[in-house]
Amino acid sequence: MAAPSDEEQTQLQDMEEEEAGMEEREMESDEEEGMGVENSEDEEDDSSEDDKENEAEIQRLEEQLSINAFDYNCHVDLIKLLKQEGELCRLRKARQKMSELFPLTEEIWLDWLKDEIRLTEEDSNREKVYELFERAVKDYICPDIWLEYAQYSIGGMGSPGGIDKVRSIFERAVTAVGLHMTKGQTLWEAYREFENAVLSTVQPPPGRIPSREEQELLSAQLERIHTLFRRQLAVPLMDMETTYAEYEEWSENGVPETVIHLYRKASQQNQKCKSHEEALLGAEPPKLAEYQAYIDFELKEGDPPRIQIMFERALAENCLVPDMWTKYTTYLDRQLKIKDLVLSTHERAVRNCPWTMSLWKSYLQALERHGADHQSVSDVFEKALNAGFIQATDYVEIWQAYLDYLRRRVDFSKESSKELEELRTAFSRSLDYLKQDVEQRFGESGDPSCAIMQIWARIEAHHCKNMQKARELWDTIMTKGNAKYANMWLEYYSLE
């Protein structure tokens with residue numbers, strides 16, 4: 001056999017090298033596949049380990065809340081973890097529990113609402129989501145929640161009464177947040193877009209003369225849109241000029257003189273507020289000082305709806321500032337005096353700052369002032385006792401406020417009555433409560449001068465002519481370390 005030429009030897013060598021390379025690549029590929037399986041298994045193990053850790057943390061948080069249900073941050077952490085894990089049923093329960101104890105932030109409400117909307121997409125029953133929106137809009141004035149609510153309602157406009165329902169929600173939305181200088185415009189525009197969509201359904205096809213009924217429907221719908229433009233242009237809002245230009249273009253007969261007058265007036269108000277809005281835009285949250293200055297400005301201007309919206313805007317970012325709630329409720333108590341608005345704001349105040357005794361006291365007084373039934377006042381008082389005040393004297397003061405309320409219910413011209421028995425029972429309970437609950441918790445009674453006993457003795461002596469009971473109470477007062485004070489003897493002497 002002839003020996004291979006140099007060229008053939010080179011070709012054979014190349015083929016051998018190529019085969020060796022292929023074998024090497026196959027081995028590497030096999031190794032990679034093996035590593036891929038191992039990596040996949042490792043990832044599954046890591047994922048399983050994360051799930052176990054998350055579940056352990058969820059259980060820890062649930063246990064912590066069973067001990068202290070008022071741990072706000074614990075609720076927030078639990079909701080985040082359950083959402084991350086996709087535990088929808090448990091997530092719903094956790095949100096529900098938190099909403100019963102605390103007002104929820106705009107972010108938490110929007111997350112919850114969007115989840116519920118997704119869950120009910122295929123469900124013809126939309127009422128549950130509507131109910132949830134109704135709860136959401138009560139906590140704070142949130143333009144984004146109102147916008148979401150209105151847009152969700154548009155999805156049901158095809159059902160019987162659907163269009164009227166959408167209009168009703170939009171009307172409530174612009175009443176609640178239509179004056180919001182930076183975010184109100186979005187709602188007005190959404191409202192007009194909806195009415196424009198309705199307009200397209202009542203317009204006759206081109207070339208056909210509408211019937212009398214169709215013409216009436218068309219005229220009524222056009223008037224609705226005119227009215228919305230006019231209402232919006234009368235409100236000081238950001239970017240008003242764009243809305244004015246849009247109305248000018250839309251209106252076939254131009255802008256009426258009355259609308260121009262209102263628009264100019266609103267523009268002037270806008271200029272007055274501009275510096276405050278710019279201060280808010282440039283400030284770091286929660287912008288308390290800037291909001292205080294803005295509220296003081298609006299209080300001087302004296303326009304109740306604008307004052308109200310400014311308080312609401314401030315509280316959305318400063319909901320845990322008791323002084324802000326006090327200032328707001330005091331304004332409503334003294335100036336507006338609208339029962340539903342006053343009482344709902346007092347309720348929101350104590351839900352946001354339950355540890356502040358003065359807010360509970362104001363709430364009790366507002367309930368009495370607006371003629372709430374006895375059971376409602378008693379229920380609020382019981383909630384106050386469980387609110388977790390930070391000092392013993394707070395409990396004494398809230399008891400005094402409640403006992404004063406009970407005293408005002410008694411007709412002392414009658415020798416005995418159900419109301420008088422309730423008052424005496426409450427006095428006895430207050431003394432037991434201060435001794436057993438308050439002293440054990442704080443190591444002090446909070447009422448060293450026995451102010452509550454003194455009030456009770458005075459009522460028994462002056463109103464009930466029961467000096468025996470009054471003396472019994474004063475003897476107890478003196479045995480509690482008060483016999484060394486001259487003013488206490490003078491008070492006892494004065495009673496005699």
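Helices, here as elsewhere in these legends, are DSSP runs of H or I with at least four residues, numbered from the N terminus. All views show a predicted model.

**View 1. A patch of negative charge on the surface includes a residue of helix 1.** Glu-49, Asp-50, Asp-51 and Glu-53 gather in this patch. Glu-49 belongs to helix 1, which spans residues 6-67. Glu-49 counts as partly exposed because its relative accessibility is 42%, a value between the limits of 20% and 50%.

**View 2. Asn-54 of helix 1 has a side-chain polar contact with Glu-85.** The two side chains approach to 2.7 Å in this contact. Asn-54 is placed in helix 1. With a relative accessibility of 15%, Asn-54 counts as buried, since buried means under 20%.

**View 3. A network of salt bridges links four residues.** Its members are Glu-55, Glu-62, Glu-87 and Arg-90. The structure as a whole holds 30 salt bridges.

**View 4. Asp-333 and Arg-369 form a salt bridge between helix 14 and helix 16.** The N to O distance between the two side chains is 3.1 Å. Asp-333 lies in helix 14 (residues 322-336) and Arg-369 in helix 16 (residues 357-369), so this pair ties together parts that are 36 residues apart in sequence. Asp-333 counts as buried, at 18% relative accessibility, whereas Arg-369 counts as partly exposed, at 49%.

**View 5. Lys-361 and Glu-397 form a salt bridge between helix 16 and helix 18.** The closest N and O atoms of the pair are 3.1 Å apart. Lys-361 lies in helix 16 and Glu-397 in helix 18 (residues 392-409), so the bridge ties together parts that are 36 residues apart in sequence. Lys-361 is partly exposed, with a relative accessible area of 24%. Glu-397 is also partly exposed, its relative accessible area being 31%.

**View 6. Glu-368 and Arg-408 form a salt bridge between helix 16 and helix 18.** In this pair the closest N and O atoms are 2.8 Å apart. Glu-368 lies in helix 16 and Arg-408 in helix 18, so the parts tied together are 40 residues apart in sequence. Glu-368 has a relative accessible area of 27% and is partly exposed. Arg-408 counts as partly exposed, at 44% relative accessibility.

**View 7. Leu-320, Trp-355 and Ile-390 form a nonpolar patch on the surface.** Together these three residues have about 320 Å² of accessible area. Trp-355 is found in the loop between helix 15 (339-352) and helix 16. The relative accessible area of Trp-355 is 33%, and the residue is partly exposed.

**View 8. A cis peptide bond joins Pro-285 to Pro-286.** Omega of this bond is near 10°. Pro-286 is found in the loop that runs between helix 11 (257-282) and helix 12 (288-301).

**View 9. Asp-239 has a positive phi in the loop between helix 9 and helix 10.** Its phi is near 60°, in a residue other than glycine. The flanking elements of the loop are helix 9 (212-233) and helix 10 (240-250). Asp-239 is partly exposed, with 41% relative accessible area.

**View 10. Lys-465 has a positive phi in the loop between helix 20 and helix 21.** The phi value is about 55°, although Lys-465 is not a glycine. Helix 21, on one side of the loop, covers 467-482. Lys-465 is exposed, with a relative accessible area of 65%; the limit for this class is over 50%.

**View 11. Cys-450 is a buried loop residue.** Cys-450 is found between helix 19 (418-442) and helix 20 (451-463). Its relative accessibility of 5% is the reason Cys-450 counts as buried. The C-alpha atoms of Cys-450 and Trp-474 are separated by 9.4 Å, the two residues being 24 residues apart along the chain.

Note on methods. Residues numbered from 1 in each chain as written. Predicted model: local features only at pLDDT ≥ 70, side-chain atom pairs only at ≥ 80, totals over all residues. Heavy atoms only, no water. Patch = residues over 30% accessible without salt bridge, like charges linked within 9 Å, V, L, I, M, F, W, Y side chains within 5 Å. Areas by Shrake-Rupley, 256 points an atom, 1.4 Å probe, with all protein chains shown as cover. Lys, Arg positive; Asp, Glu negative; His and termini not counted. Charge placed at Lys NZ, Arg CZ, Asp CG, Glu CD. Helix = DSSP H or I, 4+ residues; strand = E, 2+ residues; numbered from the N terminus. Buried < 20%, exposed > 50% of the residue type's maximum accessible area, 1.4 Å probe, protein only. Polar contact = N/O pair within 3.5 Å; in protein donor to acceptor, adjacent residues only side chain to side chain.
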